[in-house]
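User: Hello! I am new to this structure and would like to ask how its descriptions are justified. Could you walk me through it?

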Amino acid sequence: MKAFILGAGLGKRLQPLSNELPAPMLPILNKPLLAYIIEYLKRYDIKEIKVSVHHLPEIIDSYLGDGENFNLKISYSLEKDLLGTASALKRIPSFFDDTILVYFGNCFVDFDLNDFYYFHKNRKSVFSCAVVESKSHQNSCEIRLNRNSRIVDCKFRSSGGGKSLIPAGVFLVEKEILNHIPSNKSFSIETDLIQKICQLNLPAYAYFVKGEYFKIQFPKDLLNANFRFLKLLSAHEEKLIFSYSNKIHRDILKFIKAPIFIGSNSELRKNVSIKGTVIIGDNVIIDEGTTISNSLILNDTYIGKNLEIVNSIIYKNLCINTTNSFGIYVTDKFILSPNIKSKIKDRIIQLIFRMLDLVLASIGLILFFPLMLLIAILIKIDSKGPIFYRSKRIIHPLLIQKEKNWYRYEPEKAVFYLKFRTMKTEEILNNNVRKLNVYDEGPYFKAKDDPRVTRVGKILRRLSLDELPLLINVIKGDLSLVGIWGLPPQEAQALYEHGVSSNFFRLKDVAQIRFKGKLGLAGYWQSRGRSELSAEERTIHDSVQAISQIADEKLKARLKPYRTDSVKGYISLILDTIKSVIKSKGAY
Amino acid sequence: MNFVEKKVGDVLVVGVNLARATLQEAETFKQLLFNAIERGERKIVVDFSQCEFVDSTFLGALVVSLKRMTQAGGDIRLVGFRQAVRAMMELTRMHKVFDCYENVEDAVKSFE
């Protein structure tokens with residue numbers, strides 16, 4: 001039997017935690033929920049799994065890969081739009097050969113799968129649903145059965161009391177069910193599909209689960225699931241502290257009361273106090289004097305000094321109070337911050353490129369010095385005003401997000417590019433100039449025959465010589481020789497907020513990716529046509545370049561053909577850009 | 001042949017027979033898609049199962065073609081990503097722009 005795990009959802013009720021991790025990757029005792037699901041499926045001899053992904057798919061994909069590490073065959077259904085759980089089945093008809101097991105990626109159920117399978121086959125069921133009895137059912141589907149456990153009705157209930165049967169997130173499905181799922185319309189398994197099956201009077205049955213079951217819908221569910229698993233673990237083993245860390249300060253060790261779980265490479269410093277049940281992930285630092293009670297601290301988090309953390313989930317710079325589900329991103333790195341140290345190998349690579357930047361930029365400056373002197377004199381003769389122009393370029397735009405239960409603020413990060421002045425000082429960007437934009441879609445702006453440009457400026461721009469002083473920025477370390485071309489504030493902010501958009505086509509998520517990258521002089525867009533390219537092509541070039549610089553170890557390995565952090569890639573991008581500059585391609 | 005065109009019902013399937021789909025072939029590829037849209041194709045599936053690497057120029061050509069196709073009321077769907085290409089599509093969020101399937105069969109069916 002094959003299994004299909006639904007892992008595409010946005011996890012809206014889990015926000016802001018789900019902004020960082022997709023629901024199946026939320027950790028329980030330091031292991032993603034998905035790992036428990038996979039282990040469970042393997043126990044029942046399932047060898048082929050497909051996972052539907054949409055929200056942060058790379059996190060699931062880089063964990064599971066093609067399944068080699070798990071001795072499984074794993075493939076993915078990349079969903080463009082989230083149309084509903086049943087619609088996800090409709091997308092993969094070729095995956096269905098026999099009966100398929102469908103497993104919701106935010107649930108965990110431990111019961112006898114073989115028995116469920118025989119139950120399904122014996123009754124010649126076309127759709128079987130594992131059910132649990134629930135006392136409180138928020139936002140779930142309530143199932144009604146006849147005496148033979150046949151499903152006769154189902155209703156969606158947003159709230160309510162009293163005992164009822166709800167789906168446990170595990171289903172057995174026959175291929176013919178696909179005929180009853182409409183195309184291009186949002187259709188869920190719970191409610192939509194079950195209701196349709198009841199209407200058509202198809203043989204569908206419910207199987208009672210008597211085993212461990214939980215569903216992670218809200219942040220507090222994650223906390224409770226962790227507490228529950230720690231309780232189970234401590235019941236099986238005598239050890240009361242489950243620690244894989246060797247950096248717990250001696251003084252505090254004697255005060256810690258069990259059970260407590262501490263992952264590997266984590267550090268608890270002097271006078272740290274732990275109360276109640278606490279789970280701490282890998283590579284966490286809890287600094288001096290901080291008190292933590294009944295909380296969950298996820299991987300790679302630094303927690304500052306003398307803080308008190310109660311009933312919370314903390315992840316890098318994100319803090320969620322599980323009592324009221326309110327989350328906040330902390331911008332003060334002394335309170336909360338990601339605890340990510342780059343490896344020595346990475347630091348050496350970074351150093352090599354910094355040295356290359358310094359050497360090449362210095363050589364460039366020495367070679368071009370006489371030319372730059374001449375340009376400076378020409379600018380002074382040609383028009384009134386200074387020789388240089390400081391142009392603000394955005395590394396990351398200002399980010400303010402206010403949602404019902406979370407808040408995020410990140411200040412703008414920018415550098416000032418030093419350029420030769422090419423425009424008359426008194427001219428401003430007005431609507432007449434805006435009309436000259438070579439891009440038919442916003443927000444990028446580049447005018448051909450811009451009336452504000454001086455005579456000397458026109459030549460400098462055509463030959464890209466106005467950018468020469470940027471070599472000083474490179475030496476200062478503001479930007480690298482290879483990287484994404486920095487955008488001015490207005491363009492950057494508009495791109496971040498609206499993407500590249502026209503009435504019928506929009507690239508927003510893709511466009512935002514460029515802000516994850518480093519700025520530089522030479523790059524894909526700079527070497528492949530610059531302003532001759534459309535706004536969409538420019539966006540793709542910049543985003544691909546940003547991703548090819550990414551530092552994550554696992555992703556690096558997967559993105560090998562795209563990497564630009566080889567000396568060869570670095571040099572070839574610089575040469576390509578110089579070639580493009582000499583040809584004056586797309587330079588206005 | 002770098003690009004192989006095949007008709008399955010009313011769906012045009014374009015196979016990219018290149019281990020590295022890059023700058024050199026991107027313009028030909030773009031013209032091929034533009035011509036197909038011009039002659040009235042509205043359902044196109046592009047098969048990348050032979051490609052270890054698809055560069056940003058090639059991806060750019062795809063997006064420009066998709067824009068043109070969307071304007072004409074059709075769709076371009078992609079199939080057969082190898083590991084690195086899949087990672088790039090996911091990380092750049094291009095999977096939210098293109099409707100992607102694992103194989104030609106599922107993609108052709110999705111047009112029904």
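User: What follows α3(B), and what is the sign of its phi?

Analyst: R93(B) follows α3(B), and the phi of R93(B) is positive, near 65°. Helices here are DSSP runs (H or I, at least four residues), strands are E runs of at least two, and both are numbered from the N terminus. A word on the source: this is a predicted model, where local features need pLDDT of at least 70 and side-chain atom pairs count only at pLDDT 80 or more, while totals for chains, interfaces and linings use all residues. Residues are numbered from 1 along each chain as its sequence is written, chains are lettered from A and ligands numbered from 1 in the order in which they are written, and side-chain values use heavy atoms, leaving out hydrogens and water.

User: Why is helix α3 of chain B called mostly covered?

Analyst: Buried means under 20% relative accessible area, exposed over 50%, and partly exposed in between (1.4 Å probe, protein chains only). Eight of the nine residues of α3(B) are buried, so the helix is called mostly covered. Among them are V85(B), M88(B) and L91(B).

User: What makes E536(A) and K67(B) a salt bridge?

Analyst: The term asks for a side-chain nitrogen of Lys or Arg within 4 Å of a carboxyl oxygen of Asp or Glu. The closest N and O atoms of E536(A) and K67(B) are 3.0 Å apart, so the pair qualifies. The count between chain A and chain B is nine salt bridges.
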